[in-house]
Amino acid sequence: MLTQFIQAAMHRATYELLKDQSFYGEIPGFAGVYANAPTLEACRDQLQEVLEGWIVLGLRLGHTMADPGRYPA
């Protein structure tokens, strides 16, 4: 279930090539879940790590995890 949540959220991620040639990624609807890295692959990896931390923190705070498709885009 957790893996499916992460995969669904990562499929919503958007990426942008910045002027300095680094990549910025974020997941719409997941406040504070963003990453910046020199390559797209590194940005994806970093974004997933940030998402996992966001999930752990949310669970520690007692938040429930809804279907990622239900989070506003």
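**Exercise 1. Place Leu 47 in the predicted model: which element holds Leu 47, and is Leu 47 buried or exposed?**

Solution.
- Step 1. Find the element. Leu 47 is in helix H2.
- Step 2. Apply the cut-off. Buried means under 20% relative accessible area.
- Step 3. Compare. Leu 47 has a relative accessible area of 0%, so Leu 47 is buried.
- Step 4. List the neighbours, leaving out residues up to four places away in sequence. Leu 47 touches Met 10, Ala 13, Tyr 15, Gly 25, Glu 26, Ile 27, Val 33, Tyr 34 and Ala 35.
- Step 5. Check one spacing. Leu 47 and Asn 36 are 11 residues apart along the chain, and their C-alpha atoms are separated by 8.1 Å.

**Exercise 2. Describe how H1 and H2 pack.**

Solution.
- Step 1. Choose the descriptors. Two packed helices are described by the angle between their axes and the distance between the axes.
- Step 2. Read both values. Helix H1 (residues 2-11) meets helix H2 (residues 40-60) at an angle of about 130°, and the axes lie 11 Å apart.
- Step 3. Classify. H1 and H2 are therefore oblique to each other.
- Step 4. Add the handedness. The crossing of H1 past H2 is right-handed.
- Step 5. Name the contact residues. H1 supplies Leu 2, Phe 5, Ile 6, Ala 9 and Met 10. H2 supplies Arg 44, Leu 47, Gln 48, Leu 51, Glu 52, Trp 54 and Ile 55.
- Step 6. Sort by class. The contact has 9 nonpolar, 1 polar and 2 charged residues.

**Exercise 3. Which residues of the largest nonpolar core touch the most other members?**

Solution.
- Step 1. Take the core. The largest nonpolar core has 14 residues.
- Step 2. Pick out those with the most partners. They are Met 10, Ile 27, Phe 30, Val 33, Leu 47 and Leu 51.
- Step 3. Map the core to elements. H1, strand S3 (34-37) and H2 each give two or more residues.
- Step 4. Follow Val 33. Beyond four places in sequence, Val 33 touches Gly 25, Glu 26, Ile 27, Leu 47, Val 50, Leu 51 and Trp 54.

**Exercise 4. Where is Gln 21, and is Gln 21 buried or exposed?**

Solution.
- Step 1. Locate the residue. Gln 21 sits in the loop between strand S1 (14-17) and strand S2 (23-26).
- Step 2. Check the backbone. Gln 21 is not a glycine, yet its phi is positive, about 70°.
- Step 3. Judge exposure. Relative accessibility is 52%, so Gln 21 counts as exposed.

**Exercise 5. What is the order of the elements from the N terminus on?**

Solution.
- Step 1. Count. The protein has 2 helices and 3 strands.
- Step 2. Order them. The elements run α-β-β-β-α.
- Step 3. Add the burial. Of the 73 residues, 27% are buried.

Definitions and conventions:
Residues are numbered from 1 along each chain as its sequence is written. This is a predicted model: local features need pLDDT of at least 70, side-chain atom pairs count only at pLDDT 80 or more; totals for chains, interfaces and linings use all residues. Side-chain values use heavy atoms; hydrogens and water are left out. Axes are lines fitted to C-alpha atoms, for helices over the stretch in contact, and angles run from 0 to 180 degrees between N-to-C directions. Helices (H or I, at least four residues) and strands (E, at least two) are DSSP runs, numbered from the N terminus. Angles under 35 degrees count as roughly parallel, over 145 as roughly antiparallel, 65 to 115 as roughly perpendicular and the rest as oblique. A crossing is left-handed if the near helix is turned anticlockwise from the far one by less than a right angle, and right-handed if clockwise. Contact means heavy atoms within 4.5 Å. Ala, Val, Leu, Ile, Met, Phe, Trp, Tyr, Cys and Pro count as nonpolar, Asp, Glu, Lys and Arg as charged, and the others, Gly among them, as polar. A nonpolar core is a set of buried Ala, Val, Leu, Ile, Met, Phe, Trp, Tyr and Cys residues joined through side-chain atoms within 4.5 Å. Buried means under 20% relative accessible area, exposed over 50%, partly exposed in between (1.4 Å probe, protein chains only).
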